[in-house]
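The following exercises are to be worked through with the sequence and the structure at hand. Each task is followed by a solution in steps.

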Amino acid sequence: MNNNYNSSIGKEVFSLLFENAINCKYLLEDNRNILVKELQKINNKEDKKIISNIYLKNLKTYFIENDFILLNNKFQSIEYLLNNLKILCERFERYLNVLNILQNCLKLENNELIEEFTIFTQTKLFFNLNIDVNDLNYNLSNLLQNYFNETFQTFIIMIEENQEQENILIFKNFCKQLQFLNGNFLNSIFTSNLIEFIFKKIKEKIIEIASNDFEQEILAFIQQWKEQFIYPFIEIYNNELFKTLKTQIDYFIYETMTRIRIEQIFDIIISYPSSHQSILDLKECLNQCGLHNELIETLNKNIKNRLLIASVETKTIIMAFMNIVKTLLIIDPTSILLDKISFQLKDYLREKRNDTIKSIIQEMIDEKNNTPLYNELLSSDPQSNYDSDSENNLENWNPTPIHPSSANSKMERVDIIKTFIEMFRGNKDLFVNEYRIILADKLLFKREHSLYDTSDESKMVELLKIRFGERCMQNCEIMLKDIVDSKFLNNNIHNRLKNNNIKLPSFPNITLDDNFIIQQQETIPNCFMISKNYWPPYLFQKEGQSTNNLMEDDSNINTIQLHPFVEQLMLEYANQYNAIKAPRKLLWEKHLGSLDFDIEIGGEEVSFTNIHPISASILFYFSDKPKWNINELCEIIKIDEKQVLKRINIWLKRKIIIMEENNECSLVDKLTEIENQNEDEEMEDTSGQNQEEEMRVYQDLIVGMLTSTSMPLDKIHNFLALFALDPLPPFDKTIPELGNFLNILIKEEILVCEDGEYKVRE
């Protein structure tokens, strides 16, 4: 002690206080040993500072010599850390109690002594470790992550069962000890690991429940789970940390949900409308965190790689396009997202799929399967969408938005059919003409029991009139009227033939030594009288004939000569028509229609229905003589060899007729097992084989193209379609048909396909 000390208190009191300060052991064991009365007598600030420094210095020295615990950075278990922190806190608390009494006695402000001692212990603890903080963090990280995980699982059980758990009590004490020590570097390590654990746990939970579930309300569940478990867990650790993290956690949930749903967006769209809730969740998340550009980029990539490829049917692409329109307008009613995504789909369907309009119409009129596009036809209101210049629209006009927004924009009902029409520059006639072709097939190729029934077709035409307008549908209405008129005319002709006892020609039942018998199932034919100018031109087109020259000569089709039995039936029917509708006359389209009949060969009988007139005539000619040459059949029927081979194929496949060398054909003596099958079914069975045979003529050219380079499917198709291929026939196949043939060449190990590009196998 300085003997020259000069103070307002006497030397004896000062000596007494000094001696008391160095007896730290007794002070810590029982803080009542502090000389409270003597300390309270000190009023001078300088004296207070001197005395407080003496006490603080001695307490620091005693702490280092007796109570300091050196933490080992090579932690073997979390228990080691918890036990040492507990001991350190218990010892540290005794010093704080002494310093607190000292501060009260000296009436010091701002907890100066406690703060200084705390900083001292933190510094001493940190520097005596003599290691890098990064190393300490590395060694602690796994232990802390496992500890937080185990504790959090116990915490969940505690919340769910509403029962206190021992582990949670330990964790609470641990958190209090950390806050009590206020060890900055330890708090930093522990807090950073806790934050890492919290965000990791949230992400795991979102992935767990959102991986394959597109139907449930995932976002609301996560928010509830967060409020129930995450927030209370953080509050146990540090309430101030909770206040800091709350906003970050909310944003992290929105961002994580958004990124997961963006990765799943293609599957979500394809699953719509069952995935409607996922779309709503994504909409809300995008409102909070943006990421619209990531959505556009990911969806465009998926569309290109998974949808706009040759192996996907046009119908599937159309259905996917409908879902894309609906879902994106839910997410962004301003349609900015839709515009940035739909353009490649529209271009692809319009430019690279020749059957787009046909597929759209087929889906639109498919009442039987209740397709989405049929429902659009039933429920949409085209007038409200097309009337864009109405006064009401002008009054409610708003400027076109620049950025996607799903929060402040009202979604209007989307007109999918209008979107498809606009895809083809608003040309409704393209769609109506395609429907005329389908309507013609439905009207002319019905089964016998519903031959003249047009109720379903009339209903559909009325629906389409609402969509496309009466002017566009005028030809379709005339087609329906032709069928209705045909029913009355046909009934009148049948009645005249029966009432007047007019005898129609009958087919000779027994020929060729009683071995071959043909019996027609109905003597009087049923016919359609149609107005040629209003029906699709393809009906009246011969194979190889251009539709441009179709109307120039009506006699070109009538040159076909069917079997005399069929010709006589047609002649008698025409005579009755002329008698009723004079001076009008019938012009027969002999390549259209069908016949039903039974045949018996060698005592075995089989029935055939819906057989093409030329195919039937070929078989009938074998009742005249047993053997025919293909050239003879061409000459007598007056068609080319290609058509004869096509129409005789039905009998060759059934082994009723056998083709020998030099194109000689003969009738068999005995039938093998034959199913009662019609010719249309037979043609469907062989269509795939015929397509492959037709594509084979281009095989050498394709292989030559791909010998030195690789090409994607659309580029190969464009090359074949655009350039003259003499002496090969013009290439008129669709992209899917070309893709199917290239897949056949891959199976035959002629080509390989890598990253969507085809090349010759090395």
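Two strands count as paired if DSSP finds at least two bridges between them. Helices (H or I, at least four residues) and strands (E, at least two) are DSSP runs, numbered from the N terminus. The model is predicted: local features need pLDDT of at least 70, side-chain atom pairs count only at pLDDT 80 or more, and totals for chains, interfaces and linings use all residues. Residues are numbered from 1 along each chain as its sequence is written, and side-chain values use heavy atoms, with hydrogens and water left out.

**Exercise 1.** Determine how many bridges join strand 4 to strand 6, and describe the sheet to which these strands belong.

Solution.
Step 1. Strand 4 and strand 6 (residues 664-667) run antiparallel and are joined by three bridges. Within this pair, W628 has C665 of strand 6 as its bridge partner.
Step 2. The open sheet consists of three strands in the order 4-6-5, with antiparallel pairing. Strand 4 (627-629) and strand 5 (657-659) are its edge strands, since each pairs on one side only.
Step 3. On average, neighbouring strands of this sheet are turned by 25° against each other, direction ignored. For such angles, axes are lines fitted to C-alpha atoms, for helices over the stretch in contact, and angles run from 0 to 180 degrees between N-to-C directions.

**Exercise 2.** Identify which strands helix 28 and helix 29 touch or lie across, and establish how the two helices are arranged.

Solution.
Step 1. Helix 28 (residues 630-637) lies across strand 4, strand 5 and strand 6, and it runs at about 80° to strand 4.
Step 2. Helix 29 (residues 641-653) packs on the sheet, where it touches strand 5 and strand 6; its direction makes about 120° with that of strand 5. Contact here means heavy atoms within 4.5 Å.
Step 3. Two packed helices are described by the angle between their axes and the distance between the axes. The axes of helix 28 and helix 29 cross at roughly 105° and come within 9 Å. Helix 28 is therefore roughly perpendicular to helix 29. In this scheme, angles under 35 degrees count as roughly parallel, over 145 as roughly antiparallel, 65 to 115 as roughly perpendicular and the rest as oblique.
Step 4. From helix 28, the residues I630, N631, L633 and C634 meet E641, V644, L645 and I648 of helix 29. By class, this contact has six nonpolar, one polar and one charged residues. Ala, Val, Leu, Ile, Met, Phe, Trp, Tyr, Cys and Pro count as nonpolar, Asp, Glu, Lys and Arg as charged, and the others, Gly among them, as polar.

**Exercise 3.** State where S335 and K655 lie, and decide whether K655 is buried or exposed.

Solution.
Step 1. S335 is in the loop between helix 15 (314-331) and helix 16 (336-352); its phi is positive, about 70°, although S335 is not a glycine.
Step 2. K655 is in the loop between helix 29 and strand 5, and its phi, near 60°, is likewise a positive value in a residue other than glycine.
Step 3. Buried means under 20% relative accessible area, exposed over 50%, and partly exposed in between (1.4 Å probe, protein chains only). K655, with a relative accessible area of 52%, is exposed. S335 is partly exposed, with 22%.

**Exercise 4.** Locate P273 and P583, and name the residue joined to each by a cis peptide bond.

Solution.
Step 1. P273 is found in the loop between helix 12 (265-271) and helix 13 (276-289). A cis peptide bond with omega of about 15° joins Y272 to P273.
Step 2. P583 is found in the loop between helix 26 (564-581) and strand 2 (595-601). Here the cis peptide bond joins A582 and P583, and omega is about 10°.
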